[in-house]
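Work through the exercises below with the model open beside you. Try each task before you read its solution.

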2 protein chains.
Amino acid sequence: MTDPRYTPLAQSLPATVPFVGPETQERQRGAAFLARLGANESVFGPSPRAAEAMRQAVDGVWMYGDPENHDLRQALADHHGVSADNIVVGEGIDGLLGYVVRLLVEPGDAVVTSEGAYPTFNYHVAGFGGTLHKVPYVDDREDPARLFARAAEVDAKLVYLANPDNPMGSWHAGADIVAALDSLPDGCLLVLDEAYVECAPHGTEAPVSVDDPRLIRMRTFSKVHGMAGARVGYGIAAKGLISAFNKVRNHFGMNRTAQAGALAALRDRAWLDHVRSEIASARDRIASIARDNGLVPLPSATNFVAIDCGRDGAFAKAVLDGLIAQGIFVRMPFAAPQNRCIRVSCGRPADMDAFAAALPAALAAARS
Amino acid sequence: MTDPRYTPLAQSLPATVPFVGPETQERQRGAAFLARLGANESVFGPSPRAAEAMRQAVDGVWMYGDPENHDLRQALADHHGVSADNIVVGEGIDGLLGYVVRLLVEPGDAVVTSEGAYPTFNYHVAGFGGTLHKVPYVDDREDPARLFARAAEVDAKLVYLANPDNPMGSWHAGADIVAALDSLPDGCLLVLDEAYVECAPHGTEAPVSVDDPRLIRMRTFSKVHGMAGARVGYGIAAKGLISAFNKVRNHFGMNRTAQAGALAALRDRAWLDHVRSEIASARDRIASIARDNGLVPLPSATNFVAIDCGRDGAFAKAVLDGLIAQGIFVRMPFAAPQNRCIRVSCGRPADMDAFAAALPAALAAARS
């Protein structure tokens, strides 16, 4: 009796995971975190209407969800002024990234992203055997011009760009992204991850035609909508690409209560305004805590703030470890020089107080 | 501006889907179904404790679910007397089937299943370029001996077998499956789909060692546990294979309320007994309705009954259409000669009454 015969690609993949979850860290330290500020979840929660819709939908959880996500796609189409045929709904942006990589990338195909950008995208590219080419951030921002130039050099099929950016919180005007598209090589698809765009300044959304075959925009209910645990993301793109997802997606993969919750969340614009206001306050608070400790907060168009700890990655990691040890869950960028920062998600005043209380000792320990 | 450059495999895939959902049919007919008896969902619903756990978990839906599914995997491990390292949790069995096919199958690899067995497995095999080899049912049962012999002939990497079977409801003693394993060729993995085993006769579960590298058993909360809309399936296998899923799965793909619901459902054995009893009653009722109409119900170890309509597939399809037209959602097997049957899921007395009321007219219309 021998083991299953894995594909050569599967054999070659490492057993690493994109992220260690906070629950794993809690089990390791034997205690719950006091403040959960590391995954850019929305501590402010979902719309109460969305929460009620999810609770009510439990009565129907014995039924599979609609595999077409019809009602949600129609509502999203109305919201964005496009057709439902321009919308694909999936198990979070993570799930959709896996599908789009699978549609385009086979072993050896070139893909471009920024050094230190979203690791789950890289996980999927590696998982389908793609060759990742990385360009550095410029002034803590992803650089469309460099990304697209590299895409031309390596004949990339796919390029990833988050706007606003995670983990730095930086952003470009949407019009600048659109202008840069002219340098995207023909036949290269841009995955424009707009996960945080609902809390970005006006004009950050890329004003593209939905029929433009050069890009797919990714959106989510996990961030400003406060439904990370529901797993609802969606892509907006030309009909041909949207239709291609039907060749590979898990048609019955969506949770039925999540479908109902997302629909209700989309309709509650007042809650979104409320959360945006809370995010703005929390960003200010994080910035002020950083400055009170002699650190530099970076401007942010997201629901988190990258704090420049002023030294190298080892120092920032020591600060992070000091925070974790005190029960404050935060994360940090992976690549230099962005890894001189820690990344702190927006929270309620009590979460911010806990962070403020823990940061001085974490810094002192890191300096000693 | 040209379209994205899909892989040759993606280009070759049809845009078909494994199943048309009942919601799609409801939209087409402009009316809701009176009885939803086509997808083998559990109309009896989830454990009230599971429902309450899901409603309560909405409070925490702003958080991603634990990507390790730690608590659920531990509980499942305890339940099955194995280690948590022998359990992988995923977005329904459908999601897990996709992952296991991806781990083993690359274009041209041989895979074996039964003609007319679960189409979503076939969808995944086609989606990764595998070559499907099909063997016929024998006496309306999948035949392990033939499946494994064909696997040897074609050097299959993977073979699929459901016990109990869907769509026929037939079954084998688990010990017979284990005995047949000796003829499974070395290096071929058996996917043993036990989705319906909780309502099958004692002895249907395959009594295998969890360290046996020759198979993975698939289980679900979608059937007898009544949580199809939650999307929670799991696989039980040797540690090496379970670990390999971590190379390709969507680590943050699980809905957080679903994790909580499955944990509560697993602990409510009284509800499972209640549902088993309801299923047994409903099977008897379906059988009696069939006989009242001169049709032959097949024995069933599942939460549905295949009814032999006594003629060919075209006739059974006409009966099915007649039921659909009267608001009774049912499905039927895809392949001859099993497609002489319609497949009716167990329901509450009111659902069964609606089926009983509709069947005579559907039969009359089919005969005319």
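Two rings of Phe, Tyr or Trp pair if their centres lie within 6.5 Å. Planes under 30 degrees apart count as stacked, over 60 as edge-to-face. Keep in mind that this is a predicted model.

**Exercise 1. Aromatic contacts**

Task: Find how many aromatic pairs there are over all chains, then classify the pair of Phe252(A) and Phe19(B) and the pair of Phe33(B) and Phe329(B).

Solution.
Step 1. Apply the ring rule. The count comes to 16 aromatic pairs over all chains.
Step 2. Take Phe252(A) and Phe19(B). Their centres are 6.4 Å apart, with 75° between the planes, and the pair is edge-to-face.
Step 3. Locate the two rings. Phe252(A) sits in the loop between α9 (239-245) and α10 (256-267) of chain A, and Phe19(B) in the loop between α1 (8-12) and α2 (22-29) of chain B, so this pair joins two chains. Phe252(A) and Phe19(B) are buried.
Step 4. Take Phe33(B) and Phe329(B). The ring centres are 5.3 Å apart and the planes meet at 25°, so this pair is stacked.
Step 5. Locate this second pair. Phe33(B) is in the loop between α2 and β1 (35-36) of chain B, while Phe329(B) is in strand β11 (residues 328-329) of chain B. The two are 296 residues apart and link distant parts of the chain. Phe33(B) and Phe329(B) are both buried.
Step 6. Look for a cluster. Phe19(A), Tyr118(A), Phe334(A), Tyr64(B) and Phe252(B) make up one aromatic cluster.

**Exercise 2. How the chains relate**

Task: Work out what turn and what shift along the axis lay chain B on chain A.

Solution.
Step 1. Superpose the copies. A turn of 180° and a shift of 0.0 Å along the axis lay chain B on chain A, with an RMSD of 0.0 Å.
Step 2. Name the symmetry. This is the relation of a two-fold axis.
Step 3. Find the axis in the model. In chain B, the C-alpha nearest the axis belongs to Arg55(B), at 2.4 Å.
Step 4. Compare the interfaces. Of the interface residues of chain B, 99% are also interface residues in chain A, so the copies meet through the same surface.

**Exercise 3. A bent helix**

Task: Describe the span, bend and packing of α13(A).

Solution.
Step 1. Check the span. Helix α13 (residues 349-367) of chain A has 19 residues and reaches 27 Å from its first C-alpha to its last. That is close to the 27 Å expected at 1.5 Å a residue.
Step 2. Find the bend. α13(A) bends by about 30° at Ala358(A), and Pro360(A) follows within four residues.
Step 3. Pick out the buried face. Buried residues of α13(A) include Met352(A), Phe355(A), Leu359(A) and Leu363(A).
Step 4. Find the partners. The buried residues of α13(A) pack against several elements of chain A, among them α11 (269-292), α12 (313-325) and β12 (341-345).

**Exercise 4. An enclosed strand**

Task: Is β12(A) largely enclosed or open? Then examine its pairing.

Solution.
Step 1. Test burial. Five of the five residues of β12(A) are buried, so the strand is largely enclosed by the rest of the structure.
Step 2. Sort the side chains. Cys341(A), Arg343(A) and Ser345(A) point one way, and Ile342(A) and Val344(A) the other way.
Step 3. Find the pairing. β10(A) and β12(A) run antiparallel and are joined by five bridges. Asp308(A) has Cys341(A) as its bridge partner.
Step 4. Turn to chain B. An open sheet of three strands there has the order β9-β10-β12, with antiparallel pairing. Its edge strands are β9 (296-297) and β12 (341-345) of chain B. Ala306(B) has Arg343(B) as its bridge partner in β12(B).

**Exercise 5. Backbone checks**

Task: Locate the cis peptide bond at Pro164(A) and the one at Pro337(A), then place Asn69(A).

Solution.
Step 1. Asn163(A) and Pro164(A) are joined by a cis peptide bond, with omega about -5°. Pro164(A) lies in the loop between β5 (158-162) and α8 (174-180) of chain A.
Step 2. The bond from Ala336(A) to Pro337(A) is cis too, with omega near 0°. Pro337(A) lies in the loop between β11 and β12 of chain A.
Step 3. Asn69(A) has phi near 50°, a positive value in a residue other than glycine. Asn69(A) is in the loop between α3 (48-57) and α4 (70-80) of chain A. Its relative accessibility is 3%, so Asn69(A) counts as buried.

Notes
Residues numbered from 1 in each chain as written. Chains lettered and ligands numbered in written order. Predicted model: local features only at pLDDT ≥ 70, side-chain atom pairs only at ≥ 80, totals over all residues. Heavy atoms only, no water. Least-squares fit on C-alpha atoms with pLDDT ≥ 70 in both. Contact = heavy atoms within 4.5 Å. Expected span 1.5 Å × (residues − 1). Bend = angle between axes of the 7 residues up to and from the residue. Buried < 20%, exposed > 50% of the residue type's maximum accessible area, 1.4 Å probe, protein only. Pairing = 2+ DSSP bridges. Phe/Tyr/Trp six-rings, centres within 6.5 Å; stacked < 30°, edge-to-face > 60°.
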